[in-house]
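Me: Got a minute to go through this one with me? I'd like to start with the interface.

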Protein chains: 2
Amino acid sequence: MVQSHSRLDDAFAALADPTRRGILERLGRGDCSISQLAVAFGMTLTGVKKHVGVLERAGLVSTQKVGRVRVCTLGPRRLDDETTWIATYRRQLEERLDRLGEFLAQGAQEKGPQS
Amino acid sequence: MVQSHSRLDDAFAALADPTRRGILERLGRGDCSISQLAVAFGMTLTGVKKHVGVLERAGLVSTQKVGRVRVCTLGPRRLDDETTWIATYRRQLEERLDRLGEFLAQGAQEKGPQS
């Protein structure tokens, strides 16, 4: 499994908040300024800046100052490590369920059909 | 995108800790008692119980009392919603990068080859 612990920590922690996931979903439809996000989420500028800061540190959002406006963009991280991590968890869980299924089927066979 | 917010919150928050991810990786290789996990991670029983409690509430680990031993198993949740969520983020990011690439290519074409 993936070893880049602090990066995984930051990304999963960033994703653990509905507002931050909402901001990512919004940015998926197009770049936004901090003030546009504040209006969209009914939050203060300070509140939005905090959330964007968490997303930025996790590499999920980049910001750029354009004139007097700070514009937020999705990326640059593609969540590759997080995808790999979750896929491994799912595979292991399924392997365990398969083994459990085989074990139960074997038990049923040894026991013979119920009359 | 997926609406089950508190469930996503719990799962991503549970995954945001390296020890908890380590416990899931360990359980992927086979069931463990709380005390086996404590030994494996060099932690107190209380410390392990706290982490297992977070994983259990997120549906990533189930525990069962077998005699005097509490046995931990992977699952029952398969992280379907989390996988969908991350896949959507990745797709949106790639679509945005594609559009950026097209935009840049168009600009280069209009400008003509550099002499």
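Reply: Sure. This is a predicted model. Chain B and chain A bury about 3,300 Å² between them, and 59% of that area is on carbon and sulfur atoms.

Me: Which three residues of chain B supply the most of the area it buries against chain A?

Reply: Arg21(B), Tyr89(B) and Arg96(B), which together supply 19% of what chain B buries there.

Me: And how many residues are in contact?

Reply: 37 residues of chain B touch 36 residues of chain A.

Me: How many salt bridges across the interface?

Reply: The rule finds 6. One salt bridge joins the side chains of Asp80(A) and Arg90(B), at 2.6 Å from N to O. For polar contacts, the rule gives 18 residue pairs across the interface, both residues at pLDDT 80 or more.

Me: Which elements of chain B give two or more residues to that side?

Reply: Helices H1 (5-15), H2 and H5 (80-111), plus strand E3. H5(B) gives the largest share, 11 residues. By type, the chain B side divides into 17 nonpolar, 8 polar and 12 charged residues.

Me: Switching topic: which residues of H3 in chain B are buried?

Reply: In H3(B), residues 34-41, the buried ones include Ile34(B), Leu37(B) and Ala38(B).

Me: Why are they on the same side of H3(B)?

Reply: Because they cover an arc of only 105° around the axis. In general, an α-helix has 3.6 residues a turn, so residues three or four places apart point the same way.

Me: What covers them?

Reply: The cover includes helices H2 (18-28) and H4 (45-57) and strands E1 (32-33) and E3 (69-74), which belong to chain B.

Me: And what follows H3(B)?

Reply: Gly42(B), with a positive phi near 55°.

Terms used:
Residues numbered from 1 in each chain as written. Chains lettered and ligands numbered in written order. Predicted model: local features only at pLDDT ≥ 70, side-chain atom pairs only at ≥ 80, totals over all residues. Heavy atoms only, no water. Buried < 20%, exposed > 50% of the residue type's maximum accessible area, 1.4 Å probe, protein only. Helix = DSSP H or I, 4+ residues; strand = E, 2+ residues; numbered from the N terminus. Arc of directions from axis to C-beta. Contact = heavy atoms within 4.5 Å. Buried area = accessible area lost by both parts, 1.4 Å probe. Salt bridge = Lys/Arg side-chain N within 4 Å of Asp/Glu carboxyl O. Polar contact = N/O pair within 3.5 Å; in protein donor to acceptor, adjacent residues only side chain to side chain. Nonpolar A, V, L, I, M, F, W, Y, C, P; charged D, E, K, R; others polar.
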